[in-house]
Amino acid sequence: ATLSIPRPWITVDVRDVARAQISLAESSTVQSGSRFLISNATKVWPEDIGKHINGLYPSFAAATDVHAHDDDHPLKPVSPVWDTVQVRNDRVREAVGISFRSFEDTLKDTVDSLIARGGLQPRLRQVERAYRSAL
C-alpha cells in the first residue's frame, strides 16, 4: 500500500450540513428528491493544515510539512488536475439562503473543542514554552 495524499480536502462544517438539511427538508420551494452539494467550496491541502493552525494560534507549533512513514511507503504526488477542480455551492445557497462558515472558523472551533473537551495539549513554540514554564 502506498501512503498518499491524493487530493485536497473540500470542506464543510457539520453544523452547516445539519442546517442545510433541515432548511431543505422544511422548504416549500425545493422539489422532493432534489440533490444538492453541501460544501463551503474551500479546497484545503492536508499538508497546509498546520500552517492554518499556526496562523490562528501563533503560540502553537503545529506541523507544517508531511513526511512519509518510511521508505517503503512513499508519499504519492497529487495529480495537477486537482488545481483546476472547482466546487460550487450556489444552488443550495440560493435554494435556502444558507451561508457557510469559513474553513478558518471551522478549524478554530475544532481546535478549541479538542483542547477544551478532548484534552488535547497543543505543542507550543519554544518561546511560548519558556514563557509558560517561567510562570
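**Aromatic pairing, nonpolar cores and salt bridges in the predicted model**

In this predicted model, the count of aromatic ring pairs comes to 1. The pair is formed by Tyr57 and Phe60, whose ring centres lie 4.6 Å apart with their planes at 10°, so the two rings are classed as stacked. Tyr57 is buried, with a relative accessibility of 11%, and Phe60 is likewise buried, at 9%. An aromatic ring is also involved in a contact with a charge, since Arg91 lies over the face of Phe36, at 4.3 Å from the ring centre.

Both members of the stacked pair belong to the largest nonpolar core, which has 9 residues, namely Val44, Ile49, Ile53, Tyr57, Phe60, Phe103, Leu107, Val111 and Leu124. Helices α2 and α4 are the elements that give two or more residues to this core, and α4 gives the most, with 3 residues. Leu107, one of the core residues, touches Ile49, His52, Ile53 and Leu56 when residues up to four places away in sequence are not counted. Apart from this core lies another, of 7 residues, which includes Val30, Ile38, Val92 and Ile98.

The arrangement of helix α2 can be described further. Within this helix, which spans residues 49-56, the residues Ile49, Gly50, Ile53 and Asn54 are buried. Viewed down the axis of α2, the buried residues fall within an arc of 135°, so they line one face of the helix. In general, an α-helix has 3.6 residues a turn, so residues three or four places apart point the same way. The cover over the buried residues of α2 includes strands β1 (9-10) and β2 (43-44) together with helix α4 (103-116).

Thr11 is located in the loop between β1 and α1 and counts as buried, at 14% relative accessibility. Beyond its neighbours up to four places away in sequence, Thr11 touches Ser39, Asn40, Ala41, Thr42, Val44 and Phe103, of which Val44 and Phe103 are also members of the largest nonpolar core. The C-alpha atoms of Thr11 and Ala41 are separated by 6.8 Å, although these residues are 30 residues apart along the chain. In helix α1 (residues 14-26), Ala25 is exposed, with a relative accessible area of 67%, and its C-alpha atom lies 9.9 Å from that of Val96, the two residues being 71 apart in sequence.

The count of salt bridges comes to 7, and among them are contacts that involve helix α1. Arg15 meets Asp13 with an N to O distance of 2.6 Å and meets Asp109 at 2.8 Å. Since Arg15 lies in α1 and Asp109 in α4, the latter pair ties together parts that are 94 residues apart in sequence. Asp13, Arg15 and Asp109 are thereby linked in a network of salt bridges, in which Asp13 is buried, at 4% relative accessible area, whereas Arg15 is partly exposed, at 36%, and Asp109 is partly exposed, at 34%.

A further salt bridge is formed by Asp16 and Arg101, the closest N and O atoms being 2.4 Å apart. Because Asp16 lies in helix α1 and Arg101 in the loop between α3 (90-96) and α4, this pair ties together parts that are 85 residues apart in sequence. Asp16 is buried, with a relative accessible area of 0%, whereas Arg101 is partly exposed, at 27%. Leaving aside neighbours within four places in sequence, Asp16 is in contact not only with Arg101 but also with Ile38, Ile98, Ser99 and Phe100, of which Ile38 and Ile98 are among the residues of the 7-residue core.

Conventions:
Residues are numbered from 1 along each chain as its sequence is written. This is a predicted model: local features need pLDDT of at least 70, side-chain atom pairs count only at pLDDT 80 or more; totals for chains, interfaces and linings use all residues. Side-chain values use heavy atoms; hydrogens and water are left out. Buried means under 20% relative accessible area, exposed over 50%, partly exposed in between (1.4 Å probe, protein chains only). Helices (H or I, at least four residues) and strands (E, at least two) are DSSP runs, numbered from the N terminus. The arc is that of the directions from the helix axis to the C-beta atoms. Contact means heavy atoms within 4.5 Å. Rings of Phe, Tyr and Trp (its six-membered ring) pair if their centres lie within 6.5 Å; planes under 30 degrees apart count as stacked, over 60 as edge-to-face and the rest as tilted. A charge sits over a ring if NZ of Lys or CZ of Arg is within 6 Å of the ring centre and within 35 degrees of the ring normal. A nonpolar core is a set of buried Ala, Val, Leu, Ile, Met, Phe, Trp, Tyr and Cys residues joined through side-chain atoms within 4.5 Å. A salt bridge is a side-chain nitrogen of Lys or Arg within 4 Å of a carboxyl oxygen of Asp or Glu.
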